[in-house]
Amino acid sequence: MAARVKPKAARSQIENQSNPSSRKASDRTLSDTLVQDEKDSIDEKDSVNGIENSLAWKFLSFSQTSDLVQLTVDEVQKTLAEILQLIQYQNCMKEAVLLDYYVSGFWWAKEQNFTLQQISTFMTLLHIILENISDKHLPLLDNLKEFTKVMAKIGQSRSEKSGDVEFFTVDQAKAIINYMKISLFQHYKLYEFLFYHTPDIEILDTELEVEVSKSADPFPSLEEGLTWDIYSTYVLLQSPEESVAEVLPNLLSSWLIKILFTGRDK
C-alpha cells in the first residue's frame, strides 16, 4: 500500500510551527502581503470610480504609513521626528509638543484598527487643524467650522458619486470627533500660546564678594583645644625660680628626717 503524502500546505504549517525563525519570516511576509493587497485594492477602486480621496497620502505617503504601522511606539516617535524634521524635540518644548501631537494621533488611529488609507487621512486631518492654529491663526470657533467641513468632505468622498460605503463609518467619525475634542480643542489656548508667544529669556547675574581671612599660622596649635584646667595643670610651664622654691623645702625636709632616724648622713 502506498504511503499517504501530506499536502504541501500542511507540511509548510508543521515546519513553521517547529521553526520559530521561519514562523517570524512568515509573519513578516503575511504583513507585507496584506499591505500590498490593500494598496492594490485602493488603486483598483480609484481607477474604476475615478475618485481619489483628497486627504489620503497628503501628509504621510503610502510607504511611510505602511512602514509606521509595523513599528513600536518608540520607533514611531523616532521615525516621525525624522519625517517632520523635528531634530531638537528632546531640548525644544515646541518641537516636543508637536511630535507628541502626531505620535499620539497616529498610535490612536492604529489602535482603532483603521486601514492604511484611513490612518493617512486622519493624519492629514490632524495636520490641517493644527496648521489652522499655527499659520492661519484661526480662533477656536472658526477652526471648529473648518473641522466640520473636513469631516463632511471625508464622509462624502466615497458615497456620493461611487455609491460605495462611506470612507469612515458613523462610529469611526464619532470616535475621531471625540479624540479631537479631548486632544486639541480642550487645550486650544495652550496651542495658541505655543505658536503665538515667544518665551522671554531672562539671564540672572548676581555678583557675590567673599572675603577670606588669612591666618599667620595655617594650622592652629593643639593647645587651643584643651580646657583651662588641663592646660594650667599639665601644659602651662612655671618659671625656674618658682620650681626651685617649691622643690627645695621638700628636699630639706626629707634630708632632716633621714638624719634623725639613721643617725648619719648618707
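A salt bridge here is a side-chain nitrogen of Lys or Arg within 4 Å of a carboxyl oxygen of Asp or Glu.

**View 1. The Lys 149–Glu 146 salt bridge in helix H7**. In this predicted model, Lys 149 pairs with Glu 146, and their closest N and O atoms sit 3.9 Å apart. Both residues belong to helix H7, three residues apart, or about one turn of the helix. Lys 149 is exposed, with a relative accessible area of 55%, while Glu 146 comes in as partly exposed at 29%.

**View 2. The Lys 189–Glu 192 salt bridge in helix H9**. The count comes to two salt bridges, and here we look at Lys 189 with Glu 192, again with 3.9 Å between the closest N and O atoms. Because they are three residues apart in helix H9, about one helical turn separates Lys 189 and Glu 192. Lys 189 is exposed at 67% relative accessibility. Glu 192 is at just 14%, so it counts as buried, the cut-off being under 20%.

**View 3. A leucine patch on the surface**. Leu 140, Leu 141 and Leu 144 make up a nonpolar surface patch, with about 250 Å² of accessible area together. Leu 140 is part of helix H7. At 32% relative accessibility, Leu 140 counts as partly exposed.

**View 4. Inside the largest nonpolar core**. This core takes in 45 residues, and those with the most contacts inside it are Ile 176, Met 180 and Leu 184. Helices H3, H4, H5, H6, H7, H8 and H9 each give two or more residues to the core. H6 gives the most, with nine. Zoom in on Leu 184: beyond its neighbours within four places in sequence, Leu 184 touches Tyr 101, Ile 129, Leu 130, Ile 133 and Tyr 191.

**View 5. The whole fold, for context**. The protein has 11 helices and zero strands. Of its 266 residues, 26% count as buried. Residues 24 or more positions apart make up 65% of the contacts with a separation of 6 or more. The accessible surface comes to about 19,800 Å², with 56% of that belonging to carbon and sulfur atoms.

**View 6. Where to go easy on the details**. The average pLDDT is 74, and 58% of the residues score at least 70. Residues 1–18 have pLDDT below 50, and this stretch has seven contacts beyond near neighbours in sequence. Residues 42–52 also stay under 50, with 13 contacts beyond four places in sequence. Where pLDDT is low, the predicted coordinates should not be read in detail.

Definitions and conventions
Residues numbered from 1 in each chain as written. Predicted model: local features only at pLDDT ≥ 70, side-chain atom pairs only at ≥ 80, totals over all residues. Heavy atoms only, no water. pLDDT = per-residue confidence, 0-100. Contact = heavy atoms within 4.5 Å. Core = buried A, V, L, I, M, F, W, Y, C linked by side-chain atoms within 4.5 Å. Buried < 20%, exposed > 50% of the residue type's maximum accessible area, 1.4 Å probe, protein only. Helix = DSSP H or I, 4+ residues; strand = E, 2+ residues; numbered from the N terminus. Areas by Shrake-Rupley, 256 points an atom, 1.4 Å probe, with all protein chains shown as cover. Patch = residues over 30% accessible without salt bridge, like charges linked within 9 Å, V, L, I, M, F, W, Y side chains within 5 Å.
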